[in-house]
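Got your viewer ready? Load the model below, switch on side chains, and follow along from stop to stop.

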Amino acid sequence: MKLSQYGYSFSQDMLAKYPTDNRDDSRLMVIDRKNGKIEHKLFKDILDYFKDGDVMVLNNTKVFPARLYGNKEKTGAEIEIFLLRELNKELRLWDVLVDPARKIRIGNKLYFGDDDSLVAEVIDNTTSRGRTLRFLFDGDYDEFKAALYKMGETPLPRWVREKVEEVDDERYQTIYAKHEGAVAAPTAGLHFSRHLLKRLEIKGVDMAEVTLHIGLGNFRTVDVEDLTKHKMDSEQIHIDDKAVRIINSAKEKNKKICAVGTTVMKTMESSVSTDGKLKPFEGWTNKFIFTPYEFSVANCMVTNFHLPYSTQLMMAAAFGGYDLIMDAYKVAKDENYRFGTYGDAMLIL
């Protein structure tokens with residue numbers, strides 16, 4: 001498969017700028033891989049497709065306020081910082097993206113907050129846009145983290161809305177978010193309301209939680225036509241014993257195992273034994289899934305409608321079948337489905 005095969009007719013007005021009033025009121029396209037049938041439902045109707053003993057696998061990562069605005073020393077030039085990864089807790093080292101990057105050099109100091117109370121020094125240039133910052137802070141770690149997060153903003157995609165409102169701090173998290181570390185939300189999970197999860201639980205559907213802390217690399221542009229030459233950035237994942245027991249038990253009983261989102265699918269496919277069973281794991285993954293690929297664990301998935309040429313679209317097409325998924329995207333456009341972070345969802349059976 002080539003990069004050019006994942007393009008489709010796209011316009012910015014297809015992107016959802018606001019979430020639905022209720023999480024589970026978004027639309028749901030249901031795609032049956034066996035017969036190619038496509039149904040149009042509401043997300044809350046997902047309940048009808050699962051039975052006692054089936055499993056939903058959720059990514060319980062939590063988004064942190066990763067976007068900061070500051071000023072460069074001497075010139076006062078405005079700088080935007082996107083926190084990517086904490087490199088060293090004791091030394092206050094962070095891997096960040098800087099915009100505009102061309103104005104920042106090693107040794108420059110950056111000031112944050114109305115009173116310039118938080119200062120960082122650039123100590124390394126890692127990429128054309130990336131930098132390593134050392135924050136200069138006298139307090140203890142908890143005080144530093146509190147100051148950093150107080151000044152940060154929820155890193156909403158720019159097309160969602162120009163100004164962050166309080167509602168976004170809640171709606172840009174899944175209701176089961178627990179472990180802080182993501183710079184973007186696992187969007188497939190945003191459709192689940194507490195009421196819907198409770199109804200699934202009453203029906204006997206089990207929930208298994210894994211963690212993948214989504215990094216900006218998840219959205220990095222693929223710039224090579226030959227997909228085998230694309231390198232994914234590493235992201236931190238965790239699969240505990242409890243999740244492994246729930247998922248492998250369902251697999252042995254031939255139950256549905258539904259990956260809620262591409263991040264969940266990537267996490268599970270990153271730790272599979274030779275007999276197709278899930279294994280506990282804590283570490284990093286840079287797995288890149290595209291056609292052809294043989295999936296080992298999940299037999300259905302929930303995912304949003306992704307942008308052209310994105311790695312998420314490539315994974316969905318690998319799971320659902322390239323022709324079927326690309327045809328489904330044409331249907332979605334004709335039926336005015338909403339794309340992107342706050343957009344509608346598809347269930348691939």
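**Charged pairs and a cysteine pair**

Start with the overall tally: eleven salt bridges, where a salt bridge is a side-chain nitrogen of Lys or Arg within 4 Å of a carboxyl oxygen of Asp or Glu. Before you click further, note that this is a predicted model, in which local features need pLDDT of at least 70 and side-chain atom pairs count only at pLDDT 80 or more, while totals for chains, interfaces and linings use all residues. Residues are numbered from 1 along each chain as its sequence is written, and side-chain values use heavy atoms, with hydrogens and water left out.

**Stop one: select Lys44 and Asp25**

These two side chains make a salt bridge, and the closest N and O atoms of Lys44 and Asp25 sit 2.8 Å apart. Lys44 is in the loop between strand E2 (38-42) and strand E3 (55-59), and Asp25 is in the segment before strand E1 (27-31), so this pair ties together parts 19 residues apart in sequence. (Helices, H or I, of at least four residues and strands, E, of at least two are DSSP runs, numbered from the N terminus.) Now colour by accessibility: Lys44 comes out partly exposed at 31% relative accessibility, and Asp25 is partly exposed too, at 26%. The cut-offs here are under 20% relative accessible area for buried, over 50% for exposed, and partly exposed in between (1.4 Å probe, protein chains only).

**Stop two: select Lys37 and Glu39**

Here's another salt bridge, with the closest N and O atoms of Lys37 and Glu39 4.0 Å apart. Lys37 is partly exposed, at a relative accessible area of 48%; Glu39 is also partly exposed, at 23%.

**Stop three: select helix H7**

Go to residues 322-334 and pick out Asp327 and Lys330, which are three residues apart in helix H7, or about one helical turn. Their side chains meet in a salt bridge at 4.0 Å, N to O. Is each partner exposed or partly exposed? Asp327 is partly exposed with a relative accessible area of 40%, whereas Lys330 is exposed with 55%.

**Last stop: select Cys258 and Cys300**

How many disulfides does the structure hold? Zero, taking a disulfide as a pair of cysteine sulfur atoms within 2.5 Å. Put a distance label on this pair: the closest cysteine sulfur to that of Cys258 is in Cys300, 3.7 Å away, which is too far for a bond. Check the accessibility colours once more: Cys258 is buried at a relative accessible area of 0%, and Cys300 is buried at 1%.
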